[in-house]
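Student: Got a minute to walk me through this one? I'd like to go over the rings, the strands and the pockets.

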Amino acid sequence: MALTANGEVYAWGRGEHGRLGFGDDKSSKMVPQRVQLLAGETIIQVSCGGTHSVALTNDGRMFSFGRADHGRLGYEQAITTGHPVEVPVVVPFRKKWGAAGESLVYKDHRGNDDSNVSGHWAVKYIACGGRHTLALACWESGELFE
């Protein structure tokens, strides 16, 4: 895969399992072709595993495609797909102690809890291995509210 300065993704090679992101699961490409299914997204990083790929957007979202077994695509259903699917950022709740000793509880990706902190998880870096994907996510908070 290749990434342009404008955030466009190009792919070529063996397309088995949909790992190239062209929407099918068998199409191989001899020369680089734009991944049209990611058009409209500004991609800032791509990573390729053995049979899957992941693309990261400028606003911290990630899309995966390819072979789905072993959880490598990052969503609950193990459905192999050549269509880029947004991966939910699921980070368990955790407590953080504020400067004055007060306890703040961050939300999960669905906003589930009684938190007094607004914000969301944003992915900063991605990496694919042979059968796994890693993502570094940071909490981007908004203003505190009561």
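**Rings, strands and a pocket**

Tutor: Sure, and keep in mind that this is a predicted model. Searching the whole structure turns up one aromatic pair.

Student: Which residues form that aromatic pair, and what's the geometry?

Tutor: It's Trp121 with Trp139, in an edge-to-face arrangement. The ring centres are 5.2 Å apart and the planes make an angle of 75°, and over 60 degrees is what counts as edge-to-face.

Student: And where do Trp121 and Trp139 lie?

Tutor: Trp121 is in strand 10 (residues 117–128) and Trp139 is in strand 11, so the pair ties together parts that are 18 residues apart in sequence.

Student: Are Trp121 and Trp139 buried or exposed?

Tutor: Both Trp121 and Trp139 are buried. For the protein overall, buried residues account for 35% of the 146 residues.

Student: What about a charge sitting over a ring, which residues should I look at?

Tutor: Look at Lys29, which lies over the face of Phe22. The distance to the ring centre is 5.1 Å.

Student: OK, changing topic. How many helices and strands does the protein have?

Tutor: Zero helices and 11 strands. Going along the sequence, the pattern is just β-β-β-β-β-β-β-β-β-β-β.

Student: What's the strand order in the open sheet of three strands?

Tutor: The order is 1-2-3, and the pairing is antiparallel. Strand 1 (2–3) and strand 3 (29–34) are the edge strands, each pairing on one side only.

Student: How many bridges are there between strand 1 and strand 2?

Tutor: Two bridges, with strand 2 covering residues 9–13. Leu3 stands opposite Val9 of strand 2.

Student: Now pockets. How much space is in the largest pocket?

Tutor: About 250 Å³. The lining of that largest pocket has 17 residues, and the closest to the centre are Met62, Gly74, Val87, Pro88 and Ala135.

Student: Which strands supply at least two residues of that lining?

Tutor: Strand 6 (62–66) and strand 11 (133–144) each do. Strand 11 gives the most to the lining of the largest pocket, with four residues.

Student: So strand 11 comes up again. What does the lining look like by class?

Tutor: The lining of the largest pocket has 12 nonpolar residues, four polar and one charged. And yes, strand 11 is also the one that holds Trp139 from the aromatic pair.

How values were computed. Residues are numbered from 1 along each chain as its sequence is written. This is a predicted model: local features need pLDDT of at least 70, side-chain atom pairs count only at pLDDT 80 or more; totals for chains, interfaces and linings use all residues. Side-chain values use heavy atoms; hydrogens and water are left out. On a 1 Å grid over the protein atoms alone, a cavity is a set of points where a 1.4 Å probe fits but cannot get out, and a pocket is an open set with protein on both sides within 12 Å along at least five of seven lines; lining residues have an atom within 4 Å of a point. Grid points are joined across faces, edges and corners, and a volume is the space filled by probe spheres set on the points. Ala, Val, Leu, Ile, Met, Phe, Trp, Tyr, Cys and Pro count as nonpolar, Asp, Glu, Lys and Arg as charged, and the others, Gly among them, as polar. Two strands pair if DSSP finds at least two bridges between them. Rings of Phe, Tyr and Trp (its six-membered ring) pair if their centres lie within 6.5 Å; planes under 30 degrees apart count as stacked, over 60 as edge-to-face and the rest as tilted. Buried means under 20% relative accessible area, exposed over 50%, partly exposed in between (1.4 Å probe, protein chains only). A charge sits over a ring if NZ of Lys or CZ of Arg is within 6 Å of the ring centre and within 35 degrees of the ring normal.
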